[in-house]
Amino acid sequence: FNPLHGEVHQDMEQPLCHYFIASSHNTYLSGDQLLSQSRAEMYARVLQAGCRCVEVDCWDGPDGEPVVHHGYTLTSKILFRDVAETINKYAFIKNEFPVILSIENHCSIQQQKKIAQYLKEIFGDKLDLSSVSTGDPRQLPSPQDLKGKILVKV
C-alpha cells in the first residue's frame with residue numbers, strides 16, 4: 001500500500017455538492033435487513049473505515065426514548081442516544097471531514113424534540129446549526145470549511 005494514497009490529494013475547497021461522499025445504508029444493522037441485530041458499534045466500524053454519511057432510522061420508543069431500527073421488520077432496537085454517543089466518539093478519529101447524519105424520521109413530535117435535545121447535548125459545538133439555502137449549490141460550504149462538523153439531513 002502506497003502511504004500517499006491514504007492522504008487527501010484533492011482540492012477540498014469546492015462546495016460540498018461537488019464531491020462523491022462515502023455513504024452507508026442501514027448503518028446500524030449487523031446483518032440482513034429483516035432479522036438481524038441493530039448495534040451502535042456498527043457506526044464506529046463504518047466511520048473508522050472512512051464513511052462520511054450514515055443512516056439513522058428513528059422510531060418512537062418506549063418511555064419517550066427514540067429508538068433506531070429497520071421499521072416493520074424483526075430487527076432489534078437500539079436507543080438513539082447510544083447511536084449519537086457512538087457517532088460522537090468515532091466521527092473524527094480517522095478523518096476530519098464532516099459527517100452527515102441521514103435521519104429517516106418516523107417519530108412523534110415529542111420524540112423528535114428528544115432527538116434534537118440529544119443532538120445538541122451530545123455533539124455540542126460539532127453540530128452544524130447554520131442555515132443553508134439549497135437554491136444555489138455553489139453557495140454550499142466546502143468540506144474544508146466543515147471539518148470537524150456533524151451535519152443533519154432529514
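How many bridges join strand β1 to strand β4, and in which direction do the two strands run? In the predicted model, seven bridges link β1 (residues 53-59) with β4 (residues 99-106), and the pair runs parallel. Within this pairing, E55 is placed opposite S102 of β4.

The β1-β4 pair belongs to an open sheet of five strands, arranged in the order β3-β2-β1-β4-β5 and with mixed pairing. Because β3 and β5 occupy the edges and each has a single partner strand, one side of each is left without a neighbour in the sheet. On one flank of the β1-β4 pair, β4 is joined in parallel fashion to β5 (residues 150-153) by four bridges, with L101 standing opposite V152 of β5. On the other flank, β1 is connected to β2 by two bridges, and these strands run antiparallel. Here W59 faces V67 in β2 as its opposite residue. In a regular strand, side chains alternate between the two faces of the sheet.

Two helices lie across strands of this sheet. Helix α1, comprising residues 41-48, lies across β1, β2 and β4 and runs at about 165° to β1. Helix α3, comprising residues 109-123, lies across β1, β4 and β5, and its angle to β4 is about 165°.

The loop between β1 and β2 contains P66. This residue counts as buried because its relative accessible area is 0%, under the 20% limit that applies to buried residues. Beyond its neighbours within four places in sequence, P66 is in contact with W59, G61, I78, L79, F80, C107, Q111, K114, I115 and Y118. Of these contacts, W59 is the residue that stands opposite V67 in β2, while Q111, K114, I115 and Y118 fall within the span of helix α3. The C-alpha atoms of P66 and R81 are separated by 7.9 Å, although the two residues lie 15 residues apart along the chain.

A contrasting environment is found for L74, which is located in the loop between β2 (67-68) and β3 (78-79). Its relative accessibility is 67%, and L74 therefore counts as exposed, the limit for that class being over 50%. Together with L34 and L35, L74 forms a nonpolar patch on the surface, for which the combined accessible area is about 350 Å². The two loops that flank β2 thus include a buried residue, P66, and an exposed one, L74.

Technical notes: Residues numbered from 1 in each chain as written. Predicted model: local features only at pLDDT ≥ 70, side-chain atom pairs only at ≥ 80, totals over all residues. Heavy atoms only, no water. Pairing = 2+ DSSP bridges. Patch = residues over 30% accessible without salt bridge, like charges linked within 9 Å, V, L, I, M, F, W, Y side chains within 5 Å. Areas by Shrake-Rupley, 256 points an atom, 1.4 Å probe, with all protein chains shown as cover. Salt bridge = Lys/Arg side-chain N within 4 Å of Asp/Glu carboxyl O. Buried < 20%, exposed > 50% of the residue type's maximum accessible area, 1.4 Å probe, protein only. Contact = heavy atoms within 4.5 Å. Axes fitted to C-alpha atoms, helices over the stretch in contact; angles between N-to-C directions.
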